[in-house]
Amino acid sequence: TDIMPSMGLALDVDQLMHRKAIPQIRCTIQCVNHGDSRLSKLTRDSFLTLFKPEDWEEEFDANKEKVAAMVSKWQGQISHWLKDHIGAVKSERTATEDITQ
C-alpha cells in the first residue's frame with residue numbers, strides 16, 4: 001500500500017545518539033528510487049527531513065520575515081540534497097525542475 005503506519009526520518013548521528021536535540025519536524029521528503037522497477041522498495045529510497053530552527057519560538061510563526069528566511073533555508077537544503085546527495089538531474093523524465101522552483 002502507499003500509506004504506511006510509520007514515517008521515515010533523516011537524522012544525523014548526533015541526533016540519533018541523543019547528543020543533539022531534534023527540533024520540531026515539519027516534513028520528510030521521500031525520493032522513490034527505482035520507482036518503475038521491481039528493485040523499488042522503501043529501504044532503497046532517499047529521505048530528507050526538514051526541521052524548524054532549534055531556536056524557533058512559537059510567536060515566530062506570525063513573523064513573515066522569519067518564516068520567509070526559514071523557507072529559504074529549506075529550499076537551499078532541498079537543492080543541496082537533490083544535487084549533491086542523490087544526484088538528481090533536470091530532464092523530462094524527472095520532477096527535479098518542478099521541485100526546485
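**Entry 1: confidence**

I began with pLDDT, which is the predictor's confidence in each residue on a scale from 0 to 100. I needed this score because the model in front of me is predicted. For the chain I noted a mean pLDDT of 84, and I wrote beside it that 93% of the residues reach 70 or more. I then looked up how the score varies among the elements, and found the lowest mean, 72, in helix α3 (residues 96–99), while α2 has the highest, 93. I added a caution for myself: where pLDDT is low, the predicted coordinates should not be read in detail.

**Entry 2: the outline of the chain**

I listed the secondary structure next, which comes to three helices and two strands, and I read their order from the N terminus as α-β-β-α-α. For the dimensions I took the C-alpha trace, which spans about 45 × 30 × 25 Å along its principal axes. I also looked up burial, and I recorded that buried residues make up 18% of the 101 residues in the chain.

**Entry 3: salt bridges**

How many salt bridges does a search of the whole structure find? I noted three, and I took them one at a time.

I found that the side chains of K20 and D12 meet at 2.7 Å, N to O. I looked up both partners: K20 counts as partly exposed at 32% relative accessibility, and D12 is also partly exposed, with a relative accessible area of 31%.

I found the pair D14 and R19 at 3.0 Å, again N to O. Here I noted D14 as partly exposed, at 35%, whereas R19 is exposed, at 58%. I checked the reason for the two labels: R19 counts as exposed because its 58% is over the 50% cut-off.

I found the pair D61 and K52 at 2.9 Å, N to O. In this bridge D61 counts as partly exposed, with 41% relative accessibility. Is K52 buried or exposed? I recorded K52 as buried, because its relative accessibility of 9% is under the 20% cut-off.

**Entry 4: from K52 to V71**

I stayed with K52 and looked up its separation from V71, a residue found in helix α2. The two are 19 residues apart along the chain, and I noted that their C-alpha atoms are separated by 9.4 Å. I also recorded V71 as partly exposed, with a relative accessible area of 32%.

**Entry 5: a patch of charge**

Which residues gather in a patch of negative charge on the surface? I wrote down E54, D55, E57, E58 and E59. I picked D55 from this group for a further look, and I placed it in the loop between β2 (46–51) and α2 (64–85). I noted D55 as exposed, because its relative accessible area of 59% is over 50%.

**Entry 6: a backbone angle**

Last, I looked up H18, which lies in the loop between α1 (13–16) and β1 (25–31). I marked its phi, which is near 60 degrees, as a positive value in a residue other than glycine. I then asked how H18 is placed with respect to the surface, and I recorded it as exposed, with a relative accessible area of 70%.

Technical notes:
Residues are numbered from 1 along each chain as its sequence is written. This is a predicted model: local features need pLDDT of at least 70, side-chain atom pairs count only at pLDDT 80 or more; totals for chains, interfaces and linings use all residues. Side-chain values use heavy atoms; hydrogens and water are left out. Patches are made of residues with over 30% relative accessible area and no salt bridge: like charges are joined within 9 Å, nonpolar side chains (Val, Leu, Ile, Met, Phe, Trp, Tyr) within 5 Å. Accessible areas come from the Shrake-Rupley method with a 1.4 Å probe; for residues, only the protein chains shown count as cover. A salt bridge is a side-chain nitrogen of Lys or Arg within 4 Å of a carboxyl oxygen of Asp or Glu. Lys and Arg count as positive and Asp and Glu as negative; His and the chain ends are not counted. The place of a charge is taken as NZ of Lys, CZ of Arg, CG of Asp or CD of Glu. Helices (H or I, at least four residues) and strands (E, at least two) are DSSP runs, numbered from the N terminus. Buried means under 20% relative accessible area, exposed over 50%, partly exposed in between (1.4 Å probe, protein chains only).
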